[in-house]
Amino acid sequence: MSANKSSRDIMPLYLFIALLTIFSACGLLGSDDKEPLEPGPRNYEWTVDTLYSPPGGFIYDIWGSSSDDVWAVAGGGLNNLWHFDGEEWSVWDERVGPSFYSIYGFAQDDVWMGGNDGKLYYFDGTGWTLAYSFDVEGAALLDINSIWGESTSNIYAAGTIMNSDDSPRGFILQGNDTNWGEKIITSSEVQLIRIRSRGKSVFSFGVNIHSDPDSMFFYKFEGRELKELFVTSSDEVYSISMNRIGESIHFVIEKEIYKYSKNKFNKWHTISDPNFGYQIYGRHKKDMFLRMNNGLAHYNGKDTKYLFDLDHSLLSLSNNAMIFEKEVFFIVADYDQGTNYIFHGILTENE
């Protein structure tokens, strides 16, 4: 690992008040079904690390086995793979691939990563190796946008095929630590952005940016078929999303949060703040982080409170976050400066 160091500024909590631009949050998941649950704490002290990935290499995903073993991947740039050892971020000193959009794992020596070349890479605790190459005739790009699994024996990857005529399709791969294969390629122009599972139930979120306005979809993956559960059209960018919070998959449809059971969506909570940015992450249903258009907020089962704010004209929060028991990591991109920031929150002793 190289000795490259990030610039670091300590920012007390009182200097902040709200944002985030989607997090697929992986992380330490608490139980969502075992009551009673205590309201999540909000007494975070924030550190901001600067991660440079020029030119144009913005960080898309983050995952870690613990708060002193966290990976961040960028979609291009010279520095597209970063690691945090509990003290500082550094660039991985081996060039593994051109661009990465997803990373997910199960342990410090069991991590998967995917990018824009249809390749899945595997980390065994010492180095990264090529584990699987997905190839489609006529494809110009094969973006692996999301990786998720509940065990090393059953892992899913979802993404987008960009054909040579610029028309997209979506795909789902399934595999384990020894074997991977294609499960489905869509016939429509839907790009699959995120995949999540709960037991035997597997859900995916997709978009069609070739419709006017954009169309967004929730699917349930059954066998080798995608069952459409919900579709909407909106001028808002990604006005729906989904994430696993605790033991349940939560679905966001504009200002409402739903759960899906018995073949229907059941409304669970309404976010009244007009700045809600359609993305959620968290440990359980009373300890949930909300992406806002002007910052990051927290819902504790009773009320919502902003944790920090950003200059939205310059900064936006990324889709994914990493949530541990006492520490949290959120990605922020400064598109004007070509700079990435990691907002690292550590719970303090006093509320």
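**Exercise 1. Work out how accessible glutamate 254 is, and describe its backbone and its place in the chain.**

Solution. Glutamate 254 is partly exposed, because its relative accessible area is 40%, and the classes are set so that buried means under 20% relative accessible area, exposed means over 50%, and partly exposed lies in between (1.4 Å probe, protein chains only). The structure is a predicted model, in which local features need pLDDT of at least 70 and side-chain atom pairs count only at pLDDT 80 or more, while totals for chains, interfaces and linings use all residues. Residues are numbered from 1 along each chain as its sequence is written, and side-chain values use heavy atoms, with hydrogens and water left out.

The next step is the backbone: glutamate 254 has a positive phi of about 55° although it is not a glycine. As for its place, glutamate 254 is in the loop between β21 (248–253) and β22 (256–261), where strands (E, at least two residues) and helices (H or I, at least four) are DSSP runs numbered from the N terminus.

**Exercise 2. Find which residues gather with Glu254 in a patch of negative charge on the surface.**

Solution. The patch is formed by Asp212, Asp235, Glu236 and Glu254. To be part of a patch, a residue must have over 30% relative accessible area and no salt bridge, and like charges are joined within 9 Å, whereas nonpolar side chains (Val, Leu, Ile, Met, Phe, Trp, Tyr) are joined within 5 Å. Asp and Glu count as negative and Lys and Arg as positive, while His and the chain ends are not counted; the place of a charge is taken as NZ of Lys, CZ of Arg, CG of Asp or CD of Glu.

One member can be looked at further: glutamate 236 lies in the loop between β19 (225–234) and β20 (240–245), and glutamate 236 counts as partly exposed because its relative accessibility is 44%. Another member, aspartate 212, leads into proline 213 through a cis peptide bond, with omega near 0°, and proline 213 is in the loop between β17 (201–208) and β18 (214–222).

**Exercise 3. Describe the salt bridge between aspartate 303 and arginine 42, and decide whether each partner is buried, partly exposed or exposed.**

Solution. Begin with the general idea, which is that side chains of opposite charge can pair when their charged atoms come close. A salt bridge is counted when a side-chain nitrogen of Lys or Arg is within 4 Å of a carboxyl oxygen of Asp or Glu, and by this rule the count comes to seven salt bridges.

In the bridge between aspartate 303 and arginine 42, the closest N and O atoms are 2.8 Å apart. This pair links distant parts of the chain, since aspartate 303 is in the loop between β26 (295–299) and β27 (304–309) and arginine 42 is in the loop between β2 (26–27) and β3 (44–52), 261 residues apart. Aspartate 303 is partly exposed, with a relative accessible area of 39%, whereas arginine 42 counts as buried at 11% relative accessibility.

**Exercise 4. State which residues are linked with Arg244 and Glu247 in a network of salt bridges, and examine the bridge between these two.**

Solution. The network links Glu150, Arg198, Arg244 and Glu247. Within the network, the side chains of glutamate 247 and arginine 244 meet at 3.4 Å, N to O. Glutamate 247 is partly exposed, with a relative accessible area of 23%, while arginine 244 is buried, with a relative accessible area of 6%.

**Exercise 5. Place glutamine 191 in the chain, and list its contacts beyond its neighbours within four places in sequence.**

Solution. Glutamine 191 belongs to strand β16 (residues 191–198), and because its relative accessible area is 12%, glutamine 191 is buried. Contact means heavy atoms within 4.5 Å; leaving aside neighbours within four places in sequence, glutamine 191 is in contact with Thr160, Pro168, Phe205, Gly206, Val207 and Ile209.

**Exercise 6. Summarise the chain as a whole through its strands, its buried share and its contacts.**

Solution. The chain has 30 strands and zero helices, and 57% of its 351 residues count as buried. Among contacts between residues at least 6 apart in sequence, 51% join residues at least 24 apart. Finally, the chain exposes about 14700 Å², of which carbon and sulfur atoms supply 45%; accessible areas come from the Shrake-Rupley method with a 1.4 Å probe, and for residues only the protein chains shown count as cover.
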